[in-house]
Amino acid sequence: MVPLDSETSPIRRNPAGNVARPMVQRLPEPQDVVDCLDLKTFDTPPYYSTSSESFRNTVEGYSAPQGGYDPVVRSLHNLAHLFLNGTGGQTHLSPNDPIFVLLHTFTDAIFDEWLSRHTPGEAVYPEENAPIGHNRQFNMVPFWPPVTNAEMFVTAPENLGYTYEVAWPTRPYTLPEIITIAIVAAVLVTAVVSGVIACAMRARYFRSAEGLEPLLGETFRRYSEDDRRTDKSQSVV
């Protein structure tokens, strides 16, 4: 952290004030986080700020939220820094702005959520050819005792003793998904209505006179007491 004199060098912020770069005059949006979390590959060659389809490069903010690299695009972490347009937007001074802690905490939360969703395993972390300090078995700076990148490539709740409570935004349904849901809902409603109608008709039938007709109708002979006495008086051979 670079110390600032509170009288001569106060923390400066001019949010969205960089008129020369309209792209950084906004903050990342929830959909950007959704798109970033959907990326399935942790990193791709050259394992640098020019990597494409790389979650690592995207959450850092050098690629578009969907993963495509574009040299003029800044998103997520980088976009939030540049939006501040002051102390927080300068690499060597940004830790002096308290927003730095909030921004990097949320960036870590995104990283932890990605690990939880995709369970990538240590093998996807670049073993070589990444910038100095960024290969799998390199030690992280400035931690002591030394800890490697691979050792920290784990989910926080199960391995590091902390967790985040974040209401993650969800991806909006696509048109085919909406159509499918509508068809399934229509089929279910039709089935329920048909079942209700069938039950109602069946109940009405059994309540009717025809439905309650006795098994022994008027066409069958009914025995009286006299008939039974007559039967008993007859001899049996």
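## Polar contact at E113

A polar contact is a pair of N or O atoms within 3.5 Å; within protein, one of the two must be able to donate a hydrogen and the other to accept it. In this predicted model, the side chains of E113 and W168 are joined by such a contact, at 3.2 Å. E113 is part of helix α4.

Leaving aside residues up to four places away in sequence, E113 touches L37 and W168. W168 is therefore both a residue that E113 touches and its partner in the polar contact. The relative accessible area of E113 is 18%. Buried means under 20%, so E113 falls in that class.

## Salt bridge within α4

E113 also takes part in a salt bridge, in which its side chain meets that of R117 at 2.8 Å, N to O. The two residues are four apart in helix α4, so about one helical turn separates them. The partners differ in exposure class: R117 is partly exposed, with a relative accessible area of 41%, whereas E113 counts as buried at 18%.

Side chains of opposite charge can pair when their charged atoms come close.

## Other salt bridges

The salt bridge count for the model comes to five. One of them joins R26 and D32, where the closest N and O atoms are 3.6 Å apart. R26 is partly exposed, with a relative accessible area of 34%. D32, at 9% relative accessibility, counts as buried.

Another salt bridge is formed by the side chains of D43 and R56, at 3.0 Å from N to O. D43 lies in the loop between α1 (30–38) and α2 (55–60), and R56 lies in helix α2, so this pair ties together parts that are 13 residues apart in sequence. Both D43 and R56 are buried. The pair belongs to a network of salt bridges that links D43, R56 and E60.

## Packing of α1 against α4

Helices α1 and α4 pack with their axes 9 Å apart, at an angle of about 40°. That angle makes α1 oblique to α4. The crossing in which α1 passes α4 is right-handed.

On the α1 side, the contact is made by V33, C36, L37 and D38. On the α4 side, it is made by F106, I110, E113, W114, R117 and H118. Both partners of the salt bridge within α4, R117 and E113, are thus among the α4 residues that make this contact. L37, in the α1 set, is one of the residues that E113 touches.

## Backbone geometry

Most residues other than glycine have a negative phi, and most peptide bonds are trans. Several places in the model depart from this pattern.

Two peptide bonds that precede proline can be listed here. The bond from P45 to P46 is cis, with omega near 10°, and P46 is in the loop between α1 and α2. A cis peptide bond also joins V141 and P142, with omega about 10°. P142 is in the loop between α4 and α5.

Positive phi values occur at L76 and N85. L76 is not a glycine, yet its phi is positive at about 45°. It is placed in helix α3, which spans residues 76–84. L76 is buried, with a relative accessible area of 6%. N85, also a residue other than glycine, has a phi near 50°. N85 is located in the loop between α3 and α4 and is partly exposed, with a relative accessible area of 26%.

## The loop between α4 and α5

G121 is in the loop between α4 (99–118) and α5 (156–159), the loop that also holds P142. With a relative accessible area of 36%, G121 is partly exposed. Between G121 and V154 the separation in sequence is 33 residues, while their C-alpha atoms are 8.2 Å apart in space.

How values were computed
Residues numbered from 1 in each chain as written. Predicted model: local features only at pLDDT ≥ 70, side-chain atom pairs only at ≥ 80, totals over all residues. Heavy atoms only, no water. Buried < 20%, exposed > 50% of the residue type's maximum accessible area, 1.4 Å probe, protein only. Salt bridge = Lys/Arg side-chain N within 4 Å of Asp/Glu carboxyl O. Contact = heavy atoms within 4.5 Å. Axes fitted to C-alpha atoms, helices over the stretch in contact; angles between N-to-C directions. Parallel < 35°, antiparallel > 145°, perpendicular 65-115°, else oblique. Left-handed = near helix turned anticlockwise from the far one by under 90°.
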